[in-house]
Amino acid sequence: WRNKLNSIKGLKVGINWQGSATYTGDRLRSIPLNYFERLFTIEKINFINLQKGFGTEQIKNFKYKDKLYDFSSEVDNGKNAFEDTIGIMQNLDLVISPDTSLSHLSATLGIKTWVLLSFFPDWRWFLKSTDSPWYENTKLYRQKDFNKWDSVFSTVKKDLVNLKNE
């Protein structure tokens with residue numbers, strides 16, 4: 001994955017938007033891919049798809065699908081779950097994800113991770129903090145209103161522009 005991703009120049013940001021459909025709280029944490037559109041208007045940022053399986057069908061109708069590096073057909077097809085995903089993540093500058101296994105995996109690996117949280121997040125994220133006592137390189141973005149992602153993505157976009165300019 002290092003060789004494949006080294007050919008992509010500039011800031012590399014991995015995104016996923018959908019958790020497991022079988023999780024009872026998935027409708028609160030998963031985010032339609034179209035909310036990420038405003039991030040794709042930032043120049044000189046490369047977005048790498050970390051979504052696998054359920055949710056990838058949204059790419060077909062995504063406005064910026066030509067700007068999304070999508071390796072999903074090549075990822076984690078062997079017997080070792082997350083093996084390719086870990087390889088990809090280790091070559092990214094940032095991962096942006098709702099509260100899914102990918103956000104926990106990325107943060108555990110010490111990769112800069114921005115977690116997008118619903119108004120009523122899982123207890124592990126507490127209710128008001130912007131960081132996590134469990135993961136050092138993690139920043140939390142919270143809904144201000146129930147089921148409304150616009151303010152979250154406005155803040156993420158501002159912070160992504162600042163990160164790009166560092």
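Here are three short exercises on the aromatic residues of this predicted model.

**Exercise 1. Classify the ring pair of F40 and F62, and work out what the pair ties together.**

Step 1: Start with the geometry. The ring centres of F40 and F62 are 5.0 Å apart, and rings pair if their centres lie within 6.5 Å.

Step 2: Now turn to the angle. The planes of F40 and F62 stand at 75°, so this pair is edge-to-face, the class for planes over 60 degrees apart.

Step 3: Place both residues in the chain. F40 sits in the loop between α2 (26-29) and β2 (45-49), while F62 belongs to the loop between β2 and β3 (68-69), so their pairing ties together parts 22 residues apart in sequence.

**Exercise 2. Follow the aromatic contacts on from F62, and decide whether F62 and Y64 are buried or exposed.**

Step 1: F62 also forms an edge-to-face pair with Y64, at 6.2 Å centre to centre and with 70° between the planes.

Step 2: Buried means under 20% relative accessible area. F62 has 3% relative accessibility, so F62 is buried; Y64, at 16%, counts as buried too.

Step 3: Finally, put the group together. F40, F47, F62 and Y64 make up one aromatic cluster.

**Exercise 3. Locate F120 and describe its surroundings at the surface.**

Step 1: F120 is found in the loop between β5 (113-117) and β6 (138-142).

Step 2: The relative accessible area of F120 is 54%, so F120 is exposed, the cut-off being over 50%.

Step 3: Together with F119 and F146, F120 makes a nonpolar surface patch of about 310 Å².

Definitions and conventions:
Residues are numbered from 1 along each chain as its sequence is written. This is a predicted model: local features need pLDDT of at least 70, side-chain atom pairs count only at pLDDT 80 or more; totals for chains, interfaces and linings use all residues. Side-chain values use heavy atoms; hydrogens and water are left out. Patches are made of residues with over 30% relative accessible area and no salt bridge: like charges are joined within 9 Å, nonpolar side chains (Val, Leu, Ile, Met, Phe, Trp, Tyr) within 5 Å. Accessible areas come from the Shrake-Rupley method with a 1.4 Å probe; for residues, only the protein chains shown count as cover. A salt bridge is a side-chain nitrogen of Lys or Arg within 4 Å of a carboxyl oxygen of Asp or Glu. Helices (H or I, at least four residues) and strands (E, at least two) are DSSP runs, numbered from the N terminus. Buried means under 20% relative accessible area, exposed over 50%, partly exposed in between (1.4 Å probe, protein chains only). Rings of Phe, Tyr and Trp (its six-membered ring) pair if their centres lie within 6.5 Å; planes under 30 degrees apart count as stacked, over 60 as edge-to-face and the rest as tilted.
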